[in-house]
Amino acid sequence: MALILNIETSTSVCSVSLGKDGGLLAYKENKEGMNHATHLTVFIDAILKENQLTPNDLDAVAVSMGPGSYTGLRIGVSTAKGLCYGSSLPLIAVSTLQAMTAPLLKNEALLSQLGDPEACIFCPMIDARRMEVYTAFYSHKNEEMREISAEIIDENSFAEDLKKNEIVFFGDGSSKCQSSLQSSNAIFVSDITPTAVGMVQLAEVKYQAGTFEDVAYFEPFYLKDFVATTPKKNIF
């Protein structure tokens, strides 16, 4: 059993949780946009102090590995690495999309509305740009059924899968796809974002299995290369 600090900065939500033995002990978040560099270390310090802990009391640090915002992921991973280096802690990487899915699998109100929850596909979506999303398929056991990819959504997306199964679409990328995915088997759940709460149990499983990352060489899973843009306004 372990005491694990979980860091989630892959989207506009910045969150930190403290997990103990696979259960949630403490949680803090900010939804005010990409201010992660301001909030993240403050949240970590507050959670530790409120629980009379120091980084040396932790058994590991877990970080959301992506996909998601390039800048957000770099802030989360660099902070996690700093904690691991400073206190000689193992680093755990958790899939952002899998962590998004975890809370839905415990949502009894949602599951009761599905024809057959065990046959249902869970499809988290993170907004990329225009009609593109980062997505994957997960089973009712949160096992990956289709690998993570960047998909441009149109009326033909997932058509064959929707003929056979109910698919639950959720995440900030799903709302813009709702008008394109016209099927009675398409179920949309709003207000779902990646948070450090969904990481708690996944991080515990990885800790028990000894699935750790190389702190020196670990990089986030960006999925796509970072593209720098030129400001439209002339700042000079």
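Which helix is H39 found in? H39 sits in helix 1. This is a predicted model, and the report starts from that residue.

**Around H39**

H39 has a relative accessible area of 18%. Buried means under 20%, so H39 counts as buried. Leaving out residues up to four places away in sequence, H39 touches C14 and N30.

**The sheet**

Five strands form an open sheet in the order 3-2-1-4-5. The pairing is mixed. Strand 3 (23-30) and strand 5 are the edge strands. Each has a single partner strand, so one side of each has no neighbour in the sheet. On average, neighbouring strands are turned by 20° against each other, direction ignored.

Strands of a sheet pair through backbone hydrogen bonds, either parallel or antiparallel. Strand 4 and strand 5 run parallel, joined by 4 bridges. One residue pair can be named here: S64 has V94 in strand 5 as its bridge partner.

Helix 2 lies across strand 1, strand 4 and strand 5. Its direction is about 170° to that of strand 4.

**The largest nonpolar core**

The largest nonpolar core holds 25 residues. L5, I7, L18, I44, L58 and V61 touch the most other members. The elements below each supply at least two residues of this core.

| Element | Residues |
|---|---|
| Strand 1 | 3-8 |
| Strand 2 | 14-20 |
| Helix 1 | 36-50 |
| Strand 4 | 60-64 |
| Helix 2 | 70-87 |
| Strand 5 | 91-94 |

Helix 1 gives the most, with 5 residues.

What does V61 touch, not counting residues up to four places away in sequence? The list takes in I4, L5 and I7. It also includes A80, L83 and C84. L89, P90, L91 and I92 complete the contacts of V61.

**A separate core and helix 3**

Another core lies apart from the largest one. This other core has 19 residues, among them L104, L105, F170 and I187.

Is helix 3 (residues 96-104) mostly covered or mostly uncovered? Helix 3 is mostly covered, with 7 of its 9 residues buried. The buried residues are T96, L97, A99, M100, T101, A102 and L104. L104 thus appears twice: as a buried residue of helix 3, and as a member of the 19-residue core.

Terms used:
Residues are numbered from 1 along each chain as its sequence is written. This is a predicted model: local features need pLDDT of at least 70, side-chain atom pairs count only at pLDDT 80 or more; totals for chains, interfaces and linings use all residues. Side-chain values use heavy atoms; hydrogens and water are left out. Buried means under 20% relative accessible area, exposed over 50%, partly exposed in between (1.4 Å probe, protein chains only). A nonpolar core is a set of buried Ala, Val, Leu, Ile, Met, Phe, Trp, Tyr and Cys residues joined through side-chain atoms within 4.5 Å. Contact means heavy atoms within 4.5 Å. Two strands pair if DSSP finds at least two bridges between them. Axes are lines fitted to C-alpha atoms, for helices over the stretch in contact, and angles run from 0 to 180 degrees between N-to-C directions.
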